[in-house]
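Biologist: Please take a close look at one part of this model, and then follow it outward into whatever surrounds it. I would like a single connected account rather than a list.

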Amino acid sequence: MGTMKRCLLCSLALALLLGALPCRAVGPRFTLMIYMCAADLETRDRAATRDLRELVDAGITENGLTVLVATGAANVWHTPGIDAGSNQYFLADQNGLTLIKDVGARDMCDAGTLRDFVAFAVHYAPAERMALVMWDHGDGPVNGFGYDERYRGPGMGLHEMALALEAGLNGQKLAFIGFDACLMSAAECAGALSPVADVMIASQELEPGRGWNYTGFAGTLNQNPDCDIAKLGKEIAGDFVRDAFRASRGSAASLAVIDLGKIDGVAAALSDLGGALDARMEAGALSAVARARASISSFGEADGEASDLIDAGQLSSAFSRIAPAEAEKLIAAVKACVLYKKNSPLTPGLSGLSVFFPYATLNNSKVFLPVLEKNQAFSGFTGFLRAFSEEMTSGQYELGLDAPQKASAGGGVLDILGQLADAFASANDAPTAPAPTPYADMWEGLFEERPASGGGMWAGLPEIAP
């Protein structure tokens with residue numbers, strides 16, 4: 001009862017606050033919200049400023065489209081008129097940025113800050129369709145989204161994000177939620193956000209610093225606010241991978257468009273797979289399960305860190321002999337859920353969805369298990385991960401690159417169920433990478449130069465090298 005009373009009081013306070021705010025005279029058909037948690041990406045690299053320039057260059061005329069930007073989280077802003085000491089809401093169009101509201105200094109990784117921005121946008125520019133782009137660092141379903149370098153706290157959890165969006169949207173559902181951030185195209189992220197959005201657009205891999213191309217898709221929305229979201233997502237993904245490749249031919253870029261209405265099928269398939277693997281472990285096949293997991297590389301492996309996010313398609317393939325029916329069901333569910341995916345030559349064959357499956361981070365189970373258990377749709381697979389983590393960190397086994405080995409009393413090592421593990425070894429070896437193809441030959445003629453937009457829209461802002 002106490003929790004319900006607090007929720008009612010919060011809702012009443014939010015309604016009273018919004019009642020005092022301005023509202024646009026003519027409502028748009030599409031409102032695009034950009035939650036620009038700029039952090040060190042702006043302070044150091046001017047990345048947020050670059051994307052704001054791209055928005056202005058899209059030539060938004062507000063002919064059915066309104067773009068609202070929330071700024072904050074950076075110690076230094078390179079865009080004239082943005083105050084690094086405060087959080088601000090701007091209207092972005094062909095004339096530049098217009099300050100609508102200054103809300104003071106707030107932690108952008110606090111879900112309440114997101115909730116209030118979304119609630120403001122719903123009131124200020126109510127539209128038939130609304131979408132949200134989350135702009136910053138990303139770290140998957142365990143560590144969540146964002147870094148505010150002014151507060152230096154933890155990121156925003158996906159469960160908390162979903163609750164904040166549900167409150168801010170007030171019954172409306174987003175046409176799409178996009179993550180211009182690393183590592184967020186995970187099944188668990190999609191599951192958490194499915195109640196508040198129809199489509200998710202996100203990357204399985206680390207994103208290159210240039211991020212999304214805002215001139216392209218914002219221009220498309222400006223010309224046709226009623227456009228098909230799957231086609232818009234295809235444009236966003238294509239522009240993103242193209243621009244990443246142009247900037248660096250070594251970029252491992254990927255972007256996927258996910259139908260959140262079908263993510264429950266992926267969750268069910270993962271739960272079935274987890275149940276089957278749990279049963280195999282109880283039957284003594286821990287070595288085979290661990291060897292299969294060890295054969296799959298995780299995304300975002302850099303500077304000695306590992307995300308333990310693995311491709312769902314590679315997961316299915318690696319366990320296809322241990323649990324064939326469940327593995328086949330998983331890949332079928334993933335294919336039904338992924339509307340479109342685009343990968344660079346360094347990321348061929350990705351399915352579009354990642355899954356968190358700990359191996360390098362097994363010792364952090366006290367951190368990741370409580371986070372994962374908030375998502376009830378994935379409880380079956382999370383239950384398997386708990387059992388797997390407990391077995392692997394029980395002190396009975398030494399964790400190696402290939403499979404767990406049981407320590408003997410004398411300090412020696414005995415291979416557990418070695419014959420069984422070897423039987424599965426060939427099936428679980430990582431696939432051999434294809435022979436390298438010269439990039440120039442592979443990509444020649446694929447991309448067309450985008451004509452430059454009109455100038456003079458960003459007076460006073462120093463030029464930034466591409």
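**Strand E6 and its surroundings**

Modeller: In E6, the residue that forms a bridge with Met134 is Phe179, and this pair is a convenient way into the part in question, with the caution that the model is predicted. Met134 belongs to strand E5 (residues 129-135), which is joined to E6 by 5 bridges, the two strands running parallel. E6 also pairs with strand E7 (residues 199-202), again in parallel, through 2 bridges, and there Ile177 stands opposite Met200. The connection between E6 and E7 passes through helix H7, and these three elements make up a right-handed β-α-β unit.

Stepping back to the whole sheet, one finds 9 strands in the order E4-E3-E2-E1-E5-E6-E7-E8-E10, which form an open sheet with mixed pairing. Its edges are strand E4 (96-104) and strand E10 (338-343), each of which pairs on one side only. From one strand to the next, the twist averages 15 degrees. Helix H4 (residues 111-124) packs on this sheet, where H4 touches strand E1 (30-37), strand E2 (65-72), strand E3 (87-93), E4 and E5, and the direction of H4 makes about 155 degrees with that of E1.

Which residues of E6 lie on one side, and which on the other? In a regular strand, side chains alternate between the two faces of the sheet. In E6, Phe176, Gly178 and Asp180 lie on one side and Ile177 and Phe179 on the other, and all of them are buried, so that both faces are covered. Because 5 of the 5 residues of E6 are buried, E6 is largely enclosed by the rest of the structure.

Two residues of E6 reappear when the nonpolar packing is considered. The largest nonpolar core holds 99 residues, and those that touch the most other members are Met161, Leu165, Ile177, Phe179 and Phe388. The element that gives the most to this core is H10, with 9 residues. Met161 touches both of the E6 residues just named: setting aside neighbours within four places in sequence, Met161 is in contact with Leu114, Met134, Phe145, Met156, Ile177, Phe179 and Leu193. Another core, of 43 residues, lies apart from the largest one and includes Leu32, Phe90, Ala92 and Val241.

Following the chain out of E6, one enters the loop that leads to helix H7 (187-193), and Cys182 is found in this loop after strand E6 (176-180). Cys182 counts as buried because its relative accessibility is 15%, under the 20% cut-off. Residues up to four places away in sequence aside, Cys182 touches Asp136, Gly138, Asp139, Gly140, Ser203, Glu205, Leu206 and Glu207. Asp136 lies 46 residues from Cys182 along the chain, yet their C-alpha atoms are separated by 8.2 Å. Leu183 has its place in the loop between E6 and H7 as well, and Leu183 takes a positive phi of about 65 degrees although it is not a glycine. With a relative accessibility of 4%, Leu183 counts as buried.

A positive phi at a non-glycine residue also occurs elsewhere: Arg46 has one of about 60 degrees. Arg46 lies in the loop between helix H2 (39-45) and H3, and with a relative accessible area of 29% it is partly exposed. Helix H3 (residues 47-57), in turn, has 10 of its 11 residues buried and is therefore largely enclosed by the rest of the structure. Just after H3, Gly59 has a positive phi of about 70 degrees.

Phe388, named above as one of the core residues with the most contacts to other members, is among the buried residues of H15, which are Phe381, Thr382, Phe384, Leu385, Ala387, Phe388, Ser389 and Met392. These buried residues pack against helix H10 (263-282), helix H11 (286-294), strand E11 (354-356) and helix H14 (365-372). The 14 residues of helix H15 (residues 379-392) should span 20 Å at 1.5 Å a residue, and the end C-alpha atoms are indeed 20 Å apart, which agrees.

As for the setting of all this, the protein chain contains 17 helices and 14 strands, and 53% of its 466 residues count as buried. Of the contacts between residues at least 6 apart in sequence, 75% join residues at least 24 apart.

Note on methods
Residues numbered from 1 in each chain as written. Predicted model: local features only at pLDDT ≥ 70, side-chain atom pairs only at ≥ 80, totals over all residues. Heavy atoms only, no water. Helix = DSSP H or I, 4+ residues; strand = E, 2+ residues; numbered from the N terminus. Buried < 20%, exposed > 50% of the residue type's maximum accessible area, 1.4 Å probe, protein only. Contact = heavy atoms within 4.5 Å. Pairing = 2+ DSSP bridges. Axes fitted to C-alpha atoms, helices over the stretch in contact; angles between N-to-C directions. Expected span 1.5 Å × (residues − 1). Right-handed = clockwise from strand over helix to strand, strands pointing away. Core = buried A, V, L, I, M, F, W, Y, C linked by side-chain atoms within 4.5 Å.
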